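These are my notebook entries on a single protein chain. I record what I looked up, in the order in which I looked it up.

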Amino acid sequence: MKHTIPSIILGAAALLVTACKNDTAKEQTEATTTNEIITITHALGTVEVPKNPQRIAVLDYASLEALEYLDLKVVAMPKANLPKHLAAYKNDASIIDIGTVKEIDFEKLNEVDPDVIFMSGRTQDAYAELSKIAPTLYTEIDYTNYMTSLGKNLAIFGDLFDKKEETDIFLNKLNEQITSVREKIQETNKKALVVLHNNGRFSAYGKGSRFGMIHDVLGMPEAVENLEAARHGQTISNEFIQEANPDYLYIIDRTVVVDGTATNKEAIENRLIQQTNAYKKGKIIYLDSEIWYLAGGGVNSIKRMISEIEESL
């Protein structure tokens with residue numbers, strides 16, 4: 001979507017208006033960062049950012065998905081361990097590689113001279129250092145209030161880039177998808193347990209947790225209530241899963257993401273797991289680990305996450 005230059009700078013932009021007599025010049029003008037400054041408040045602070053910044057650095061995949069959805073280009077990003085749905089960025093020579101989502105190459109990032117930086121929880125401790133390079137915006141999802149948090153994050157993109165119409169359209173369609181899936185879940189009257197598998201160990205996630213949107217947003221009843229809502233979940237055993245006896249067992253296999261190895265279902269689905277209703281009814285669901293573990297909260301990822309739950313019903 002194209003936008004005119006804000007009225008407060010029309011006087012200063014008289015030469016630019018003159019230059020807009022042909023389409024090429026108009027496009028060049030619209031591609032230039034304006035002099036307007038907007039103030040954005042996020043979870044880590046309040047930041048003044050130039051409207052429509054052009055040199056965008058992104059440090060997390062959820063923000064990258066939002067920028068991609070809004071047809072906005074980035075100049076720098078971490079390219080290590082990219083999930084498959086974002087793999088095209090790997091070989092884009094126009095985008096500078098600045099490390100990993102956990103270990104940013106600050107020297108390279110500084111050389112890029114970005115107008116704005118988008119970051120999330122994995123680099124939260126580096127917020128002060130990042131803010132010295134450029135205005136930095138924190139867009140991590142608040143898992144205790146998932147949809148409100150997602151809406152606030154998208155509002156940041158909408159306000160900053162004059163893309164409110166696009167973000168509103170996305171949220172409306174997403175809410176329609178959620179409503180449809182919630183209705184199907186209510187009809188099943190089944191309970192679920194969400195676990196992260198990591199080299200033979202399990203962690204469980206309930207309401208208000210990193211993967212709790214299955215319960216909080218989609219309304220799937222919990223097989224076990226009051227689980228610890230820590231980022232790394234509540235450590236559990238095979239016996240715990242057996243006693244919980246979920247109707248649906250959703251598994252996010254971190255080992256696949258970190259080691260690049262295929263899920264060993266025979267090792268996971270041991271004799272204790274086989275005693276659950278989930279196993280007996282064929283409802284052990286291996287979720288897309290790259291989507292859930294690496295990019296959860298992205299506009300494309302959340303749609304795919306919801307679709308996976310819908311397909312499992």
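**Entry 1. A term needed first**

Before turning to the sheet, I note that two strands count as paired if DSSP finds at least two bridges between them. I also keep in mind that strands of a sheet pair through backbone hydrogen bonds, either parallel or antiparallel. The model I am reading is predicted.

With that term settled, I looked up the sheet and found 5 strands forming an open sheet in the order S10-S9-S8-S11-S12, with mixed pairing. Its edge strands are S10 (234-236) and S12 (284-286), each of which pairs on one side only. On average, neighbouring strands of this sheet are turned by 35° against each other, direction ignored.

**Entry 2. The chain as a whole**

I then stepped back to the whole chain. Its secondary structure comes to 14 helices and 12 strands. The chain has 313 residues, and buried residues make up 48% of them. I also looked up the contacts between residues at least 6 apart in sequence: 58% of these join residues at least 24 apart.

**Entry 3. Strand S8 and its partners**

How many of the residues of strand S8 are buried? For residues 192-198, I found that 7 of 7 are buried, and I noted the strand as mostly covered.

I recalled that in a regular strand the side chains alternate between the two faces of the sheet. I therefore sorted the residues of S8 by side, and both faces proved to be covered. Ala 192, Val 194, Leu 196 and Asn 198 are buried on one side, and Leu 193, Val 195 and His 197 are buried on the other.

Next I traced the pairings. S8 pairs with strand S11 (residues 248-253) in the parallel sense over 6 bridges. In this pairing, Val 195 stands opposite Ile 251. S8 also pairs with strand S9 (residues 201-205), here in the antiparallel sense over 5 bridges, and His 197 stands opposite Phe 202. S8 and S9 form a hairpin with 2 residues between them. Asn 199, in the turn, has a positive phi of about 50°.

I followed the sheet on from S9 to S10. These two strands pair in the antiparallel sense over 3 bridges, and Thr 235 in S10 is the bridge partner of Ser 203.

**Entry 4. Helix H3**

Why do I describe helix H3 as largely enclosed by the rest of the structure? The reason is that 7 of its 9 residues (61-69) are buried. The buried residues are Tyr 61, Ala 62, Ser 63, Leu 64, Glu 65, Ala 66 and Leu 67.

I then asked what covers them. Among the covering elements are strands S3 (56-58), S4 (76-77) and S6 (116-119), and also helices H6 (146-160), H13 (289-294) and H14 (299-312).

I looked at both ends of H3 as well. At its start, a side-chain oxygen of Asp 60 reaches to within 3.4 Å of the backbone nitrogen of Ala 62. Just after the helix, Asp 71 takes a positive phi of about 60°.

**Entry 5. Two residues in the covering helices**

From helix H13 I chose Glu 290. I record Glu 290 as buried because its relative accessibility is 18%, and buried means under 20%. The side chain of Glu 290 reaches the backbone nitrogen of Lys 84 at 2.8 Å. Leaving aside residues up to four places away in sequence, Glu 290 touches Leu 82, Pro 83, Lys 84, Val 257 and Ala 295.

From helix H6 I chose Thr 148. Is Thr 148 buried, exposed or partly exposed? Its relative accessibility is 41%, so Thr 148 counts as partly exposed. Its side chain makes a polar contact with the side chain of Asn 145, at 3.3 Å.

**Entry 6. The cavity**

Finally, I looked for cavities. The count comes to 1 cavity of 30 Å³ or more, and the largest cavity has a volume of about 330 Å³. It is lined by 31 residues, of which Asp 60, Ala 62, Glu 140, Gly 296 and Gly 297 are the closest to its centre.

Which helices each supply at least two residues of this lining? I found H3, H6, H13 and H14. H6 gives the most, with 5 residues.

Technical notes:
Residues numbered from 1 in each chain as written. Predicted model: local features only at pLDDT ≥ 70, side-chain atom pairs only at ≥ 80, totals over all residues. Heavy atoms only, no water. Buried < 20%, exposed > 50% of the residue type's maximum accessible area, 1.4 Å probe, protein only. Helix = DSSP H or I, 4+ residues; strand = E, 2+ residues; numbered from the N terminus. Contact = heavy atoms within 4.5 Å. Polar contact = N/O pair within 3.5 Å; in protein donor to acceptor, adjacent residues only side chain to side chain. Axes fitted to C-alpha atoms, helices over the stretch in contact; angles between N-to-C directions. 1 Å grid on protein atoms, 1.4 Å probe; cavity = no way out; pocket = protein on both sides within 12 Å on 5 of 7 lines; lining within 4 Å. Points joined across faces, edges and corners; volume = space filled by probe spheres on them.
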